[in-house]
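Open the model in your viewer and set the display to cartoon. The stops below go strand by strand.

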Amino acid sequence: MPISADLLRLADAVVMPGFEGTTPPDWLRRRLAQGLGGVVLFSRNIAGPDQVAALTAALRAENPLALVGTDEESGEVTRLEVGTGSSRPGGYALGVVDDVALTEALARDLGAQLTAAGVTIDFAPSADVNSNPDNPVIGLRSFGADPALVARHARAFVRGLQSTGVAACAKHFPGHGDTSVDSHHGVPVVAVGGIEDALRPFREVIAEGVKAVMTGHLLVPSFDGGLPATLSPKILTGLLREELGFDGMIVTDGIEMTAVSGAYGIGGAAARAVAAGADAICVGGEHADEATATGVRDAIATAVTEGVLPEERLADAARRVRELGAWAASPGSATTPPSPSLDGHAGLAAARRAVRVTRRSAEPVLPLTAAPLVVELAPEMNLAIDKATPWGVGEPLARLLPGTDVARLAAAQATGPALEDLLRGAAGRPLVVVVRDAHRHAWQAQALRHLLSGRPDAVVVEMGLPQRSDLGAVHIATYGSAMVCGRAAAEVITGRL
């Protein structure tokens, strides 16, 4: 059965692709003018504030109601500040501080920055309850492990962000926190007993009026033992729409992720997601070409002609995408005049408040007055975190203590001989060892033990989730690896905080 031009346009209205480059390619301009639902910006599209504002203006010139989305969570997951590192700490640090007014203020500041950049929907906050400390993909992106804490900070984030006219998008429904598998690579299974705790923040942000919810590619046996949430009518329609009463836009996590595309292909997963209740298809994190965007559109349209996807469901999805685009484009959507600080002061103040210091030596280890050797143990990060995002303590510490040397080691480089060379190089000077989620990476824990066996007076900085604070003469937990978290740690080490 031939596919009509009208049906293709209707299918395009629910697609939000990514693209390559810092200016819109011709194919994207053409598709936007024909009614493409929106676009997703990644760090590859962002070179600076003026450039991204010009880029989004060009996108809106083709379709004023098109949604422009990005993953700007602050902290580890940043797109606008990927070149410098985020000027705001991530969710876990804010949960440690537990000041909802601070979280709302930082989200408002972020919303002003996004507004200036021309972004209309932010795929944040993470409303996941990180109840599994071994979670490989959420971790510091969550506000914490307590459902009530996560709920109140997720609500505060939504209030602050949406007050600027930027739509918030709570993720990853129905909760990615109690999992041990990264959905970029496999299908996480949510434990049956923890689903109510996982749902609590989503109930709360829905009550707060969140404009969008992002699906998680998660298997939730208590609701659907066969299909991941993104493809499950029981979860998207039965649970999210009918039981929780959410009436806003449902957008998928990246549809090319293995957890959903592995069994059905990218286009097949997209069509099944819309049939299940999703309204917008996010694609292009890893496949950012015209052929992928066209394949997704055509697969959705074909599903209609084959009776897999009712046309009424597709029309309803397109309506919700269009309505959110109209809300974001309306001057009345902002209740707070946007005025981003962009000086990093508010974010740095928050990062300072999140630092926790455990002193285990009777000797006055801190403050350091001599330039140290800083050893940073760098694990492989999940795909949500751009590999180019700066992190660490060495650079900010070198600004405060000139002469500081920094050695960064990946897993394959942290050999016994290499660590012994570093210990020899640190003779007669302070040693600072920086780790990220040392409890999840056996090689980090082993390297840390090796270094501490030779230098028990070393300062240990944990920039991930601290499962132990009894390591080193002084243990510093930053609860984040954002640029401001590293600076806050450097201030502690030098006695400035």
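Select strand E13 (residues 459-462) and strand E14 (residues 474-477): the two run parallel and are joined by four bridges. Strands and helices here are DSSP runs numbered from the N terminus, with at least two residues for a strand (E) and at least four for a helix (H or I); two strands count as paired if DSSP finds at least two bridges between them. Within this pair, valine 461 has isoleucine 476 of E14 as its bridge partner.

This is a predicted model, in which local features need pLDDT of at least 70, side-chain atom pairs count only at pLDDT 80 or more, and totals for chains, interfaces and linings use all residues. Residues are numbered from 1 along each chain as its sequence is written, and side-chain values use heavy atoms, leaving out hydrogens and water.

Now widen the selection to the open sheet of six strands, ordered E9-E14-E13-E12-E10-E11, with mixed pairing. Strand E9 (356-359) and strand E11 (405-409) are at the edges with a single partner strand each, so one side of each has no neighbour in the sheet.

Next, go to the other stop, an open sheet of six strands in the order E2-E3-E4-E5-E6-E7, where pairing is parallel. Its edges are strand E2 (38-41) and strand E7 (249-251); each has a single partner strand, so one side of each lacks a neighbour in the sheet. Select strand E6 (residues 212-215) with E7: three bridges pair them in the parallel sense. Valine 213 is opposite isoleucine 250 in E7.
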